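Take a first look at the chain below. The paragraphs after it walk through its pockets, its salt bridges and one cavity.

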Amino acid sequence: MLVAFSVAPSGSSEIRRENEDASVHDAVAAAVRVVRDSGLPHQTDSMFTTIEGEWDEVMAVIKAATDTAGKYGSRVSLVLKADIRPGHSGELTGKVERLNRALESPERS
């Protein structure tokens, strides 16, 4: 499965009280570090981090990343979008490769 997610803390926290310059990007960086340390295939862009794996392992990483971001605020907004396709892997790059091939082909009517 592929899951694209974003997390953003809001409200006050001990981290924000200790460092008033702490920003949302600090929380996002901490969450992305959790994803990178997981060893699962992943990509991060300006809006989402997408990870690929089995349901339980992907959701465990998202929970850990959300918990980490939560240290930067009193609440966390979490957005998820999932592509659940049993028996398929390598779709993190495979979907984009198929799209690029279609874009390179003559337009179909």
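**Pockets, bridges and a cavity**

Helix H4 gives the most residues to the lining of the largest pocket: four. Keep in mind that this is a predicted model. The largest pocket encloses about 350 Å³ of space. Which elements give two or more residues to its lining? They are strand S1 (2–10), strand S2 (42–44), strand S4 (75–83) and helix H4 (91–104). The lining has 14 residues in total. Nearest the centre of the pocket lie Leu2, Ala4, Gln43, Thr50 and Leu92. By character, the lining splits into six nonpolar, five charged and three polar residues.

Thr50 deserves a closer look. This residue sits in strand S3, which covers residues 49–52. Is Thr50 buried or exposed? Its relative accessible area is 18%. The cut-off for buried is under 20%, so Thr50 counts as buried. What does Thr50 touch, leaving aside its neighbours within four places in sequence? Its contacts are Leu2, Val3, Ala4, Pro41, His42, Gln43 and Leu92. Of these contacts, Leu2, Ala4, Gln43 and Leu92 are also named among the residues nearest the centre of the largest pocket.

Now step back to the whole chain. The protein chain has four helices and four strands. Along the sequence, they follow the pattern β-α-α-β-β-α-β-α. The chain has 109 residues, and 29% of them count as buried. Consider the contacts between residues at least 6 apart in sequence. Of these, 73% join residues at least 24 apart. The chain exposes about 7,500 Å². Carbon and sulfur atoms supply 51% of that area.

There is a second pocket to visit. The second largest pocket has a volume of about 160 Å³. Its lining includes Phe5, Ser6 and Val7, along with Val28, Ala31 and Val32. The lining also takes in Thr44, Asp45, Ser46, Met47, Phe48 and Thr49. Strand S1 and helix H2 (24–38) are the elements that give two or more residues to this lining. Seven of the lining residues are nonpolar, four are polar and one is charged. Strand S1 thus appears in the lists for the largest pocket and for the second largest pocket.

Next come the salt bridges. How many does the structure hold? There are four. One of them pairs Lys63 with Asp67, with the closest N and O atoms 2.9 Å apart. Both residues lie in helix H3 (residues 55–70). They are four residues apart, about one turn of the helix. Lys63 has 52% relative accessibility and counts as exposed. Asp67, at 42%, counts as partly exposed. The cut-off for exposed is over 50%, which is why Lys63 falls in that class and Asp67 does not.

Another salt bridge joins the side chains of Lys95 and Asp83, at 2.6 Å from N to O. This pair links distant parts of the chain. Lys95 is in helix H4 and Asp83 is in strand S4, 12 residues apart. Lys95 has a relative accessible area of 37% and is partly exposed. Asp83 is partly exposed too, with 25%.

A further salt bridge brings together Glu91 and Arg85, at 3.4 Å from N to O. What joins Arg85, Glu91 and Arg98 into one network? Salt bridges that share partners do. Are the two ends of the Glu91–Arg85 bridge buried or exposed? Glu91 is buried, with a relative accessible area of 10%. Arg85 is partly exposed, with 39%.

The last stop is the cavity. The count comes to one cavity of 30 Å³ or more. The volume of the largest cavity is about 40 Å³. Which residues line it? They are Met1, Leu2, Glu52, Asp83, Arg85, His88 and Glu91. Four of these residues are charged, two are nonpolar and one is polar. Several names here are familiar. Asp83 is the partner of Lys95, and Arg85 and Glu91 meet in their own salt bridge. Leu2 lies among the residues nearest the centre of the largest pocket, and Leu2 also lines the largest cavity.

Conventions. Residues numbered from 1 in each chain as written. Predicted model: local features only at pLDDT ≥ 70, side-chain atom pairs only at ≥ 80, totals over all residues. Heavy atoms only, no water. Buried < 20%, exposed > 50% of the residue type's maximum accessible area, 1.4 Å probe, protein only. Contact = heavy atoms within 4.5 Å. Areas by Shrake-Rupley, 256 points an atom, 1.4 Å probe, with all protein chains shown as cover. 1 Å grid on protein atoms, 1.4 Å probe; cavity = no way out; pocket = protein on both sides within 12 Å on 5 of 7 lines; lining within 4 Å. Points joined across faces, edges and corners; volume = space filled by probe spheres on them. Nonpolar A, V, L, I, M, F, W, Y, C, P; charged D, E, K, R; others polar.
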